[in-house]
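Visitor: I'd like to learn how to read a structure like this one, feature by feature. Could you walk me through it?

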Amino acid sequence: MKCPNCAQVNVINNICPSCGVDAVLFRRTSIISCNLYNKGLAQAGMRDLSGAITLLNKSIEFNKNNIMARNLLGLLYFEVGYIGDALKHWIISSSLIKENNEAANYIDKLQKNSRQLEQLGDAVKIYNQALEYIKLKNDDMAIIQLKKALEINPVFLDALNLLAFCYLIQKDKEKAAMLVEKVLALDINNAVALRYYNELFPAKIRPEPKKLAKLQASASQTPRVGEPRRKKSFGEGFHITEILSFLIGLIVAFALLFILVMPGAAGASQREIDALRNALNESDAHRAILSVESQERIDELEFENRNLRQENETLSAQARLRNLNEIVTRAQAYINAGDFGNAALLLSQGGNFNELPEDIRRVALGLVEEAYPQASRLFWQEAITAYNAADYDEARILLDRSLEFGAATLNFYDSVLFYSGSIAEREGNPQLAAIYFQRIITDHPRSGYVNQARNRFNNLN
């Protein structure tokens, strides 16, 4: 057996003596990562950016070296305005594989256009300032900041959602609805925008995705320019007597202006200047007083904000601990009732149980050891039932769940591989099907499925 990580051939008991990797587990996680990447790519093609980002992050969790998932995730983060996250994944990707890696091209383009990168960073800073104004309940200032951010980056989804929220606060539903529809045109399953949409139109069916071009139509058109008029030369069309009369009248008018109007106007102007100077001095003094009071108020608000942030962190940690305790309690109830499938699904949501006290953590890990093998077997059996009923989509989901909960270490793993390959073959994916059948031939030569797998593999080639 060949190690998929370092290509070492002499793998003993599924463990590579060279790199120490469990070869079977490595292959399984790599396949799951590829499947999640393919699903994420499909979601991105349907403009479901939120769903695609979630799937691609899961793909990287299963295989951190999946550079295709990292590159696509970086593109999606860049599109929705998370420039820092996009760069992080591209840098990691380019460090894993340096040659023929698109991530290096993306980074190079940004470096060559440093002004654009700086502007996008400014948009994020302005957005963060708007968040602070929201916390201070100053939604008017928040709106001003968010509009500035969107002038820099018109597809900054978080800024669009926050601006819609500000308009909802001000009960301007028309402007909020326009922003929500624009977000949904960019990301059809954006959770925040959908929640706002349901609040704005509770009796209306969620919108179909629209083309971004319709929402970004030009606000102005170039005016048509006519033929320029020919300028007349001085004196053209005038008689000499008319010109002399005009000049004499102009001289008389200026004389009357200086004699009758200018002295009074000069005195009035001086009085007005003096009044404005006094008002300016008073304004400066008042502004100095307000500046001191404002700084004191800012200091008070910053102190309150720090206290609230610390309190929020404490409450969040307590809520996380309560949630983990609840997961353990409910999982125990499921296991007591013989429902290992729901128990395993619930425990998988808990993630890392290290935050729990030691005695509860041991209970949680014991439940995992008890529930996962039983759940894996249950999902495998249900997958075969769904396959026999020609429900291949459901069968594929159930087989993935069986793998998630440890099928690779159980005695029915060859069956999971065979049915996974059969589904891939039916769905027109011969490359993936060949991988599954080859694994049975290579790793399970005594399996009852080996002859069928060999025939299927030969037919694919």
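Guide: Sure, let's start with the overall picture. This is a predicted model, and buried residues make up 33% of the 461 residues in the protein.

Visitor: What secondary structure does the protein have, in helices and strands?

Guide: There are 18 helices and 0 strands. As for how the chain comes together, residues 24 or more positions apart account for 51% of the contacts with a separation of 6 or more.

Visitor: Now the interior. How should I read a nonpolar core, and which residues of the largest one touch the most other members?

Guide: The general idea is that nonpolar side chains tend to be buried together in soluble globular proteins. Here, the largest nonpolar core has 51 residues, and those touching the most other members are Leu56, Leu76, Trp90, Leu146, Leu160, Leu163 and Val180. Helix α8, residues 157-169, gives the most to this core, with 8 residues. Another core lies apart from it, with 36 residues, including Ile384, Leu398, Leu403 and Ile441.

Visitor: Let me zoom in on one member. Which residues is Val180 in contact with, leaving aside its neighbours within four places in sequence?

Guide: Val180 is in contact with Ala164, Ala193, Tyr196, Tyr197 and Leu200.

Visitor: On to empty space. What volume does the largest pocket have, and which residues are closest to its centre?

Guide: Its volume is about 450 Å³. The lining of the largest pocket counts 15 residues, and Leu36, Lys39, Lys58, Asp400 and Glu404 are the closest to the centre.

Visitor: Which elements give two or more residues to that lining?

Guide: Those are α1 (23-45), α2 (49-62), α13 (340-350) and α15 (392-404). The largest share of the lining, 5 residues, comes from α15. Sorted by class, the lining of the largest pocket has 6 nonpolar, 2 polar and 7 charged residues.

Visitor: How many cavities of 30 Å³ or more does a search of the whole structure find?

Guide: The search finds 2 of them. Take the second largest cavity, with a volume of about 30 Å³. Arg47, Leu49, Glu79, Val80, Val155, Leu157 and Leu186 line this cavity. By class, that lining has 5 nonpolar, no polar and 2 charged residues.

Visitor: You'll have guessed I want electrostatics next. How many salt bridges does a search of the whole structure find?

Guide: In general, side chains of opposite charge can pair when their charged atoms come close. In this model the search finds 8 salt bridges. One of them joins the side chains of Glu358 and Arg361, at 3.1 Å from N to O. Arg362 also forms a salt bridge with Glu358, with the closest N and O atoms 3.3 Å apart. Glu358, Arg361 and Arg362 are thus on record here as linked in a network of salt bridges.

Visitor: Why are those partners about one helical turn apart?

Guide: Look at where they sit in sequence. Glu358 and Arg361 are separated by about one helical turn because they are 3 residues apart in helix α14 (residues 358-388). Arg362 and Glu358 are 4 residues apart in helix α14, so about one helical turn separates this pair too.

Visitor: And how accessible are Glu358 and Arg362?

Guide: Glu358 has 41% relative accessibility, so it counts as partly exposed. Arg362, at 52%, counts as exposed, because the cut-off for exposed is over 50%.

Visitor: What about the pair formed by Glu427 and Arg396: how far apart are the closest N and O atoms?

Guide: They are 2.2 Å apart in that salt bridge. Glu427 lies in the loop between α16 (413-426) and α17 (430-443), and Arg396 is in helix α15, so the pair ties together parts that are 31 residues apart in sequence. Glu427 is partly exposed at 42% relative accessibility, and Arg396 is partly exposed with a relative accessible area of 26%.

Visitor: One last residue. Where is Tyr334 found, and which residues does Tyr334 contact beyond its neighbours within four places in sequence?

Guide: Tyr334 is found in helix α12, residues 240-336. Beyond those neighbours, Tyr334 is in contact with Asp339, Asn342, Ala343 and Leu346. The C-alpha atoms of Tyr334 and Ala344, 10 residues apart along the chain, are separated by 9.1 Å. With a relative accessible area of 27%, Tyr334 is partly exposed.

Definitions and conventions:
Residues numbered from 1 in each chain as written. Predicted model: local features only at pLDDT ≥ 70, side-chain atom pairs only at ≥ 80, totals over all residues. Heavy atoms only, no water. Core = buried A, V, L, I, M, F, W, Y, C linked by side-chain atoms within 4.5 Å. Buried < 20%, exposed > 50% of the residue type's maximum accessible area, 1.4 Å probe, protein only. Contact = heavy atoms within 4.5 Å. 1 Å grid on protein atoms, 1.4 Å probe; cavity = no way out; pocket = protein on both sides within 12 Å on 5 of 7 lines; lining within 4 Å. Points joined across faces, edges and corners; volume = space filled by probe spheres on them. Nonpolar A, V, L, I, M, F, W, Y, C, P; charged D, E, K, R; others polar. Salt bridge = Lys/Arg side-chain N within 4 Å of Asp/Glu carboxyl O.
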